[in-house]
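Here's a quick tour of a protein chain, starting from a single residue and working outwards. Have the viewer open and follow along.

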Amino acid sequence: VQLQASGGGSVQAGGSLRLSCAASGTILSITYMGWYRQAPGNSRELVADIISGGSTNYADSVKGRFTTSRDIAKNTVYLQMTSLKPEDTAIYFCNVRGKTLQFGDFNFWGQGTQVTVSS
């Protein structure tokens, strides 16, 4: 299984960005898709996730501003970020968990994409 994340960049405060993360390989099912972020000097933290049933969960700091969604047919998860703040600046990682035909359960991280918000 490979994860390809994209969509990071630099924006001014109040701007928007959309991240995407596509999983490829012999995937039987995906049970979890999440977005995490890590700012310099901080530990990695959950931003938002979506489980197999479609339920979503958000960090308090992004509620009302970020929206996660998925395209099941494309094994892709998205993170729409609006009203961005300088404190949203971090490297964003996607995390995907599920089952493959060949190896059973998997839990993979994307390569990380930089989001920089200037004031």
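## Starting point: Ser20

Let's begin with Ser20, which sits in strand E3. One thing to keep in mind from here on: this is a predicted model. Is Ser20 buried or exposed? Its relative accessible area is 18%, and the cut-off for buried is under 20%, so Ser20 counts as buried.

As for company, and leaving out residues up to four places away in sequence, Ser20 touches Gln4, Ala5 and Ser6, then Trp35, and finally Thr76, Val77 and Tyr78.

## The whole chain

Zooming out, the protein chain has 11 strands and zero helices. Reading along the sequence just gives you β-β-β-β-β-β-β-β-β-β-β.

How does the radius of gyration line up with a compact globule? With 119 residues, such a globule would come in near 14 Å, and the protein chain has 14 Å, so the two agree. The C-alpha trace spans about 45 × 25 × 20 Å along its principal axes.

Buried residues account for 41% of the 119. On the outside, the protein chain exposes about 6200 Å², with carbon and sulfur atoms supplying 49% of that. If you care about contact range: taking contacts between residues at least 6 apart in sequence, 53% join residues at least 24 apart.

## The four-stranded sheet

Back to E3, which belongs to an open sheet of four strands in the order E1-E3-E8-E7, with antiparallel pairing. Strand E1 (2-6) and strand E7 (66-71) are the edges, each pairing on one side only. From one strand to the next, the twist averages 15 degrees.

At the E7 end, six bridges tie E7 to strand E8 (residues 76-81), and the two run antiparallel. To find this pairing in your viewer, look for Thr67, whose bridge partner in E8 is Gln80.

## Around strand E9

Now for strand E9 (residues 90-100). Eight of its 11 residues are buried, so E9 is largely enclosed by the rest of the structure.

Which strands does E9 pair with? Strand E4 (residues 27-38) is joined to E9 by 10 bridges, running antiparallel, and here Ile27 stands opposite Thr100. Strand E10 (residues 104-109) is linked to E9 through six bridges, again antiparallel, with Gly98 opposite Phe106. E9 and E10 form a hairpin, with three residues between them. Then there's strand E11 (residues 113-118), which pairs with E9 in the antiparallel sense over three bridges; Tyr92 faces Thr113 there.

## The nonpolar core

The largest nonpolar core holds 30 residues, and the ones touching the most other members are Trp35, Val47, Phe66, Leu79, Met81 and Tyr92. Quite a few elements chip in: E1, strand E3 (17-24), E4, strand E5 (45-51), E8, E9 and E11 each give two or more residues to this core.

Leu79 is a handy one to click on. Leaving out residues up to four places away in sequence, Leu79 touches Trp35, Val47, Phe66 and Tyr92, along with Leu17, Arg18, Leu19, Ala48, Thr67 and Thr68. Two of those names have come up already: Thr67 is the bridge partner of Gln80, and Tyr92 stands opposite Thr113 in E11. And Trp35, listed among the contacts of Leu79, is also touched by Ser20, where we came in.

Definitions and conventions
Residues are numbered from 1 along each chain as its sequence is written. This is a predicted model: local features need pLDDT of at least 70, side-chain atom pairs count only at pLDDT 80 or more; totals for chains, interfaces and linings use all residues. Side-chain values use heavy atoms; hydrogens and water are left out. Two strands pair if DSSP finds at least two bridges between them. Axes are lines fitted to C-alpha atoms, for helices over the stretch in contact, and angles run from 0 to 180 degrees between N-to-C directions. Buried means under 20% relative accessible area, exposed over 50%, partly exposed in between (1.4 Å probe, protein chains only). A nonpolar core is a set of buried Ala, Val, Leu, Ile, Met, Phe, Trp, Tyr and Cys residues joined through side-chain atoms within 4.5 Å. Contact means heavy atoms within 4.5 Å. The radius of gyration is taken over C-alpha atoms; the globule rule is 2.2 Å times the number of residues to the power 0.38. Accessible areas come from the Shrake-Rupley method with a 1.4 Å probe; for residues, only the protein chains shown count as cover.
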